[in-house]
Amino acid sequence: MIEIRVHGRGGQGSVTAAELLGFAAHSDGKYAQAFPSFGSERMGAPVQAFVRISDKPIRIRSQVYKPNYVIVQDPTLLEVVNVLDGLQENGLLLINSKKKVSELGINTKVKVMTIPAMEIAMEVIGRPIMNTTLLGAFAAATGEISLDGIRKAIQHKFPGSVGEKNIAAVLKAFDFIKKESL
Amino acid sequence: MTREMLTGNAAAAWGVRLAEVDYVPAYPITPQTEIIETLAKWISDGVLDAGFVTVDSEHSMITAAGAASATGVRVFTATSSQGLLYGFEMLYSVAGWRVPLVMVNVSRGLSSPITLEPDHNDILAARDSGFLQIHCETCQEVLDSILMAYRLAEDERILLPVLVNMDGFHLSFTREPVEIPEIELVRKFLPAYHSKHAFFKATQPMAQGVAVLGGHAYSYFKYQMHLASIKSLEVYKEVSDEFKEVFGRSYNTIEGYMLDNAEYVLVMTNSFSTLGKEAVKKARVKGIKAGLLRIRLIRPFPDMDIVKALNGKKAVAVLDQNISVGKGGIVYSEIASALYNERENPLLLSFVGGLGGKNINPGEFEFVFDSMIKAVDTGKIPAPQLLYTETEWKEMENLKKIAGKQTTVIKTASV
């Protein structure tokens, strides 16, 4: 079983990102769970959402405390929240930022990657909502979910042209990470 | 049959849609609101043919639900926590009317201090009302239990309302795969409701819920409710057998996990029992013969099933996610009374944990198993204890410092 934590600010679509990840894994034929952090949430305040993915039915129902992967939607959160909390050493921290990892001043042994998701989203979708873009990057970086799964999830949640634009952003982010890793 | 990623709230709404209810009075409260929002949308879209009314409070909501049910239609409603308590007077009233409505409660710790996360003081406060109570561990179980609940409620041997409980957040907002049964199968299992005892017909007027003065009539009716509830233990088994036959999934009054050859047993309810099961698995790896008993049917309390399940065990720890202030864990007391007259009773330990949704960490479960083993070795049973970690204690001390309060230094076992 793998566990994912998404950091964002209320209104950035972190819960939707988790929901889409869960749906993608589900349509990939895996078992999944997706949920928001337990408690109240406010627009603009730091929020978290979680995903579990497994080949077997998932029994446990609790918050995620030791994620394999962490996705950060908003780089300003790095100064506010310990996004590394509980992150496993062989895991991955994926951050929306146009900066290079070395410029972020993160002190960790865990692998860190950045993607200019905001810029991609503005260019392709025309709105500063980068949750779907980050999913494309996540799929490319980890291989835990398929592009097809993400496509199905987005089409299910956002039918029509909104969904198609988001899928285009996903593909662009996927290619970006793939080229970076070459 | 389709399998979809649904939250517990959406699974509840699906159960209600498949039950083809006629009437839904509604009042919002976190973390339940998604249930009534989903139903409202379906009714507005025309995929669910039912009346939907938003009322001014839970008190009115339960009154409307009971009154509608007394006209012979199938009724659903939902609430949580403070909402359940606000409608409390009417819980007893509508149960006494013997109306077979189904209500979902999404558990949330009671105020004050105010919170949003789950424990079971809300639902357990209603345990003496006459409502049957089914407590769920998974989103699938929520959907399935609503269908079973209508069968139980509408059975002429029972005719009591049913509360189906799920934990807020841990189920209500957790999206997981849920099988949505075909409507034809549901209709086979749960046919349309034709009330014989209470209906609305101009040519046959009837008075319901009349006053009875002098205790003999009151005693009679009250005890009838109790007998019907006890009778539902028997009916439950028929209903669950039939449910298994139609849908292939099976739910008994209690659920055992690695229980058969277990010597040390945890007793839990609702979604936190998934944490208990993980802990049992870990304890087994360490060579402890651990097991878990989850109680699903809380009213009527399945005494005999519990006695049978715990018979011959060395020690049993009841982990209550509730607190009866001035007494302790509620389920512990109920289990103790179920076991008292048996000859070969296990040692019975009491723990309170997970209040207000506090996580129960692996270390806390280890502590519970260690306590059981120690109790068996020494013959001494520890006093009831609150599960709380050192880290949590330090965080609390820090909060007290911020509030300008003096902090206390106490020696605790490291958990």
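Select chain B first: this chain holds 14 helices and 15 strands, where helices (H or I, at least four residues) and strands (E, at least two) are DSSP runs numbered from the N terminus. The model is predicted, so local features need pLDDT of at least 70 and side-chain atom pairs count only at pLDDT 80 or more, while totals for chains, interfaces and linings use all residues. Residues are numbered from 1 along each chain as its sequence is written, chains are lettered from A and ligands numbered from 1 in the order in which they are written, and side-chain values use heavy atoms, with hydrogens and water left out.

**Whole chain B**

With the chain in full view, its C-alpha atoms fill a box of roughly 75 × 55 × 55 Å along the principal axes. The radius of gyration of chain B is 22 Å, which agrees with the value near 22 Å for a compact globule of 415 residues; the radius is taken over C-alpha atoms, and the globule rule is 2.2 Å times the number of residues to the power 0.38.

**The two domains of chain B**

Next, colour residues 2-247 as domain 1 and residues 255-403 as domain 2; such bounds come from an automatic or database domain assignment. The centres of these domains of chain B, taken over C-alpha atoms, are 29 Å apart. Their contact (heavy atoms within 4.5 Å) involves 30 residues from domain 1 of chain B and 28 residues from domain 2 of chain B.

Between the two domains of chain B, about 2,300 Å² is buried, and carbon and sulfur atoms give 48% of that area. Buried area is the accessible area (1.4 Å probe) that two parts lose on being put together, summed over both. Select Arg127(B), His135(B) and Glu137(B): these residues of domain 1 lose the most area to domain 2 of chain B, together 26% of what that side buries.

Seven salt bridges cross this domain interface of chain B, each a side-chain nitrogen of Lys or Arg within 4 Å of a carboxyl oxygen of Asp or Glu. To display a salt bridge, show the side chains of Arg294(B) and Glu141(B), which meet at 3.0 Å, N to O. The domains of chain B also share 22 residue pairs in polar contact, both residues at pLDDT 80 or more. A polar contact is a pair of N or O atoms within 3.5 Å; within protein, one must be able to donate a hydrogen and the other to accept it, and residues adjacent in sequence count only if both atoms are side-chain atoms.

On the domain 1 side of chain B, α6 (121-125), β6 (132-135), α7 (139-154), β7 (162-167) and α9 (215-247) each supply at least two residues that touch domain 2. Helix α9(B) gives the most, with six residues.

**Chain B against chain A**

Now add chain A. The contact takes 23 residues from chain B and 19 residues from chain A, and about 1,900 Å² is buried between the chains, of which carbon and sulfur atoms give 59%. On the chain B side, Arg3(B), Met5(B) and Arg175(B) lose the most area to chain A, together 28% of what that side buries.

Three salt bridges cross the interface of chain B and chain A. Which residue forms a salt bridge with Glu278(B)? The partner is Arg59(A), with the closest N and O atoms 3.4 Å apart. The pair runs from helix α10 of chain B to the loop between β3 (46-54) and β4 (69-72) of chain A.
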